[in-house]
Amino acid sequence: MAVRPVYVPRDDRPGVVVRLLDFEWFPGFSTAQKQRSIQSLHAAAGETGIEPVLEISSKSPEELGVSLSAFHLSLTDAEGSRSCSVETAFQGSKVFERGGPFIDLLNGTSREAKQDERLKSSGRLLRFEFQGAAWPLKPRTYFYDWLYLSALEQQSGLRETLVRYRGFTDIEFNPKKSINCQAYSAALYVSILESGQSETILSSPESFLESLQDEYTARDELLARQHGLD
């Protein structure tokens, strides 16, 4: 057995409800084994009334879920002249004590960006810098969420498809080891869409943060408990 989160869009305000569910885990690294675990997790979600659920990862049984993985989801810059994945944008925006941002990562693959040795050897992470703007480390998932939601906004016709789902998962995400999660970001996007305030909330990073202050306060408290952060 294992425990993994299912992220459910809130319907009372923009935000996400995190449901931790027990399900049968099928060990192994093959896609077939991962998809058996996904099916088991989604069945557990269905038993609690959460359905349909979309798995967002490279192991998703649905093409949509694979395409929405941060490794594959494309983000185009403000000028429309350059595209990269959400993952490379995130990794290439990190600024450390002894280096960064390493913008050359934007030209490579998502896997190369995530595994770049400089991300581990450049000291303490200080902030993010993206498209000429500086981003703080807190709220902890603010920058990642903004990148991911910005990329979703650029996908034509995606809104109508995503709002059909009542939950989102990422079988590769372990909440005890990681902080940012593409399934959480997708659920947040759906909640914002269904609030009827998306044009205002997504109009700028400042409006986004101001509208989600309560959500991010609660989320930072949860992440701090889970990871022993200050």
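The following passage describes the largest pocket and a three-stranded sheet in a predicted model.

The largest pocket of the predicted structure encloses about 1200 Å³ of space. Its lining comprises 34 residues, of which Glu87, Gln91, Lys114, Ser178 and Asn180 are the closest to the pocket centre. Several secondary-structure elements take part in the lining. At least two residues each are supplied by helix 3 (86-91), helix 4 (110-114), helix 5 (118-121), strand 7 (125-130) and helix 6 (142-153). Among the contributors, helix 3 gives the most, with three residues. In terms of residue class, the lining of the largest pocket contains 13 nonpolar residues, together with nine polar and twelve charged ones.

Strand 7, which supplies at least two residues to the pocket lining, also belongs to an open sheet. This sheet is formed by three strands in the order 6-7-8, with antiparallel pairing. Strand 6 (94-96) and strand 8 (133-135) are the edge strands, each pairing on one side only. On average, neighbouring strands of the sheet are turned by 35° against each other when direction is ignored.

The pairing of strand 7 with strand 8 can be described in further detail. These two strands run antiparallel and are joined by three bridges. Glutamate 129 has alanine 134, in strand 8, as its bridge partner. Strand 7 is thus named in both descriptions: in the sheet order 6-7-8, and among the elements that each supply at least two residues of the lining of the largest pocket.

Key. Residues are numbered from 1 along each chain as its sequence is written. This is a predicted model: local features need pLDDT of at least 70, side-chain atom pairs count only at pLDDT 80 or more; totals for chains, interfaces and linings use all residues. Side-chain values use heavy atoms; hydrogens and water are left out. On a 1 Å grid over the protein atoms alone, a cavity is a set of points where a 1.4 Å probe fits but cannot get out, and a pocket is an open set with protein on both sides within 12 Å along at least five of seven lines; lining residues have an atom within 4 Å of a point. Grid points are joined across faces, edges and corners, and a volume is the space filled by probe spheres set on the points. Helices (H or I, at least four residues) and strands (E, at least two) are DSSP runs, numbered from the N terminus. Ala, Val, Leu, Ile, Met, Phe, Trp, Tyr, Cys and Pro count as nonpolar, Asp, Glu, Lys and Arg as charged, and the others, Gly among them, as polar. Two strands pair if DSSP finds at least two bridges between them. Axes are lines fitted to C-alpha atoms, for helices over the stretch in contact, and angles run from 0 to 180 degrees between N-to-C directions.
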